[in-house]
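Here is a chain to read step by step. Look over the sequence, then turn the structure slowly.

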Amino acid sequence: MRVQNERSETNQCRVTTSGNLLSLWLSNIFVQYATPPSLWECFLMPLMRIPYTAPLPSPTIIPASASTLSGALTALSDFLTAAPSTNRQSNGKTVILSGAGISVASGLADYRGSNGTYTLNKTYRPIYFHEFCANHEARKRYWARSYLGWTNLHKSRPNKAHYAVGQLGDLGRISTVVTQNVDSFHPMAHPTLRTLELHGYLRSTVCLSCRTEYSRENFQKDLSDLNPAWSAFLAEMLESGALSTENPEERRRRGLKTNPDGDVDVPGVEYGTFRYPACPVCLNSPPDGTRVEQDTDGAWLPSSTAGILKPAVIMFGESIPNPVKVAVEEAVDEASRILVLGSSLATYSAWRLVKRAKEQGMPIGVLNIGGVRGEEQFFSSLPSDGSGKEGVRCSQPLEEALPALVERLMQGTSLPVSNDRSFQPAPWR
Ligand SMILES: [Zn+2]
C-alpha cells in the first residue's frame with residue numbers, strides 16, 4: 001500500500017486528544033481513497049514512526065559459510081565489491097541503513113537486543129507525538145526524564161563500527177548512510193560521508209510553532225535553572241554513579257532505566273513539578289493569533305497557545321518530513337545495493353526502504369544480531385551456498401565485524417584520508 005501522508009506536523013498539533021487524532025487521520029485517508037484501507041493497513045502507513053514489539057524470527061544465515069566471522073567477512077566483502085546489475089542505473093555503491101544495534105557498543109540500549117528496552121522493560125511505552133503536542137503534563141514528564149537521561153547520552157561517543165562505516169565510505173564503497181538513530185554518532189564519526197537521519201536527532205530542540213531549532217545542550221542548562229530541585233537530584237545521581245554505569249543491569253539495580261531515545265525512567269518520581277522554557281522567538285514575537293506566556297522564572301505557562309519546544313526527533317506517531325522522505329528514497333534508488341546494520345527493521349519507515357530496494361532487484365545485506373522483521377521474504381530467492389554477491393545475512397557484533405571488513409577490503413591499498421571534517425547538517429535545515 002502506498003498511502004501518502006502529506007499533512008503537516010502543525011496540523012496534527014491542533015488535535016487535542018488521541019481519539020480525535022485517530023478520527024482525523026482515518027478520515028483524511030478515507031477522503032483520499034475510494035476504497036478505504038483496513039485499520040491494520042492504516043497503522044502501517046509508510047511515513048509514520050510506529051513501534052513494533054512482536055517477536056521476531058531467528059536469523060537464517062546466508063550464505064551458510066557466513067556463520068563464522070571469517071566467512072561473514074568474505075561474504076560481506078563479496079557483497080560490497082560485486083559488479084552492479086546492468087538491469088538498472090546505479091552509482092555502483094552501497095547505501096547503509098543503520099539502527100540502534102550499532103550504538104550498543106557506545107553504551108546505549110537498543111530496543112530488542114538481549115539488554116534492549118523492550119526486552120528488559122516489557123511495559124516500556126514511548127511518548128507519542130500527539131500526546132507531547134496536546135498535553136502539558138506529558139511534556140513535563142518527557143522533559144524530566146530527558147533531563148536525567150541527557151547527561152549519559154551527551155557524553156557517549158561513536159564506536160568502532162561508526163568509524164568503520166566512515167572508512168568504508170573513504171574506500172568508495174558507501175554512497176549514503178541512512179540511520180534510524182537519533183544520537184548523531186554517524187555524522188560525528190564520518191562528517192564527510194553523507195548521513196540522512198530518518199528519525200531526526202536529539203542534539204537540537206525545535207519549536208512546534210515557528211520551527212526554529214536550538215541547541216539541546218543549552219536547553220539542558222535552561223532546564224537546570226528552572227528546576228533547581230531536579231538539578232540537585234541529577235547531581236546526586238551522577239555522584240552515586242547511577243547514571244555513569246554502562247551496564248543496563250547495573251543501572252536497573254540502581255533504580256534507573258535508560259531508553260534508546262535518551263530518557264531515563266525513575267520509579268516514584270513526581271514529574272508534575274518539572275518546568276520547561278518557551279521558544280524565545282515565539283516569546284518575543286508570537287505567531288499571529290497565538291499567545292506565549294511564561295512565569296517570572298521563564299517557564300512556559302499552559303495559558304500559552306504556541307512556543308512549545310520539542311526534541312528534534314521524529315516521535316512515535318509523527319510523520320517523517322517530506323524532504324527527509326524524498327532524500328532517503330533517492331539515496332536508496334541511486335545505490336546498487338543496500339546493507340542493513342544493527343536493525344531489526346521493526347519500524348515500518350525503515351522496513352519499507354529495504355522492501356523498496358527488493359522491489360528494484362537490488363541485492364540486500366543484513367548484519368544484525370537477532371531476527372529481522374520479514375527477512376524471509378528478502379532472502380527467499382538466495383541459495384545457501386552462494387557467495388554473498390547476491391545478498392548476505394549474517395549475525396556478528398558490528399564493532400568487530402566492520403573494522404575487520406575494512407581491513408579485508410584494504411588489503412594492498414592505503415586508505416584515502418579526507419581533510420574536510422565539517423559537520424554535515426540535516427537535509428531539511
Ligand atoms: Zn517558536
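The paragraphs below go from the whole chain to one sheet and its strands.

Keep in mind that this model is predicted. The chain has 429 residues, and 45% of them count as buried. Its secondary structure comes to 17 helices and 11 strands. Now take the contacts between residues at least 6 apart in sequence. Of these, 75% join residues at least 24 apart.

Next, find the open sheet. Six strands build it, with parallel pairing. Read across, the order is β3-β2-β1-β9-β10-β11. Why do β3 and β11 each have one side without a neighbour in the sheet? Both β3 (195–197) and β11 (391–394) stand at the edges, and each has a single partner strand, so one side stays free of a neighbour in the sheet. The sheet also twists from strand to strand: neighbours are turned by 15 degrees against each other on average, direction ignored.

Move to β1 and β2. Strand β1 covers residues 94–98, and strand β2 covers residues 174–179. They pair in the parallel sense over five bridges. One pairing to find is L97 with its bridge partner V178 in β2. Helix α14 (residues 322–334) packs on the sheet. This helix touches β1, β2, β3 and β9 (337–341). Its direction makes about 140 degrees with that of β2.

Finish at β11. Strand β10 (residues 364–367) runs parallel to β11, and four bridges join the two. Here I364 stands opposite G391. In a regular strand, side chains alternate between the two faces of the sheet. In β11, G391 and R393 lie on one side, with V392 and C394 on the other. All four are buried, so both faces of β11 are covered.

Terms used: Residues numbered from 1 in each chain as written. Predicted model: local features only at pLDDT ≥ 70, side-chain atom pairs only at ≥ 80, totals over all residues. Pairing = 2+ DSSP bridges. Axes fitted to C-alpha atoms, helices over the stretch in contact; angles between N-to-C directions. Contact = placed C-beta atoms within 7 Å. Buried ≥ 20, exposed ≤ 12 C-beta atoms within 10 Å, placed from the backbone.
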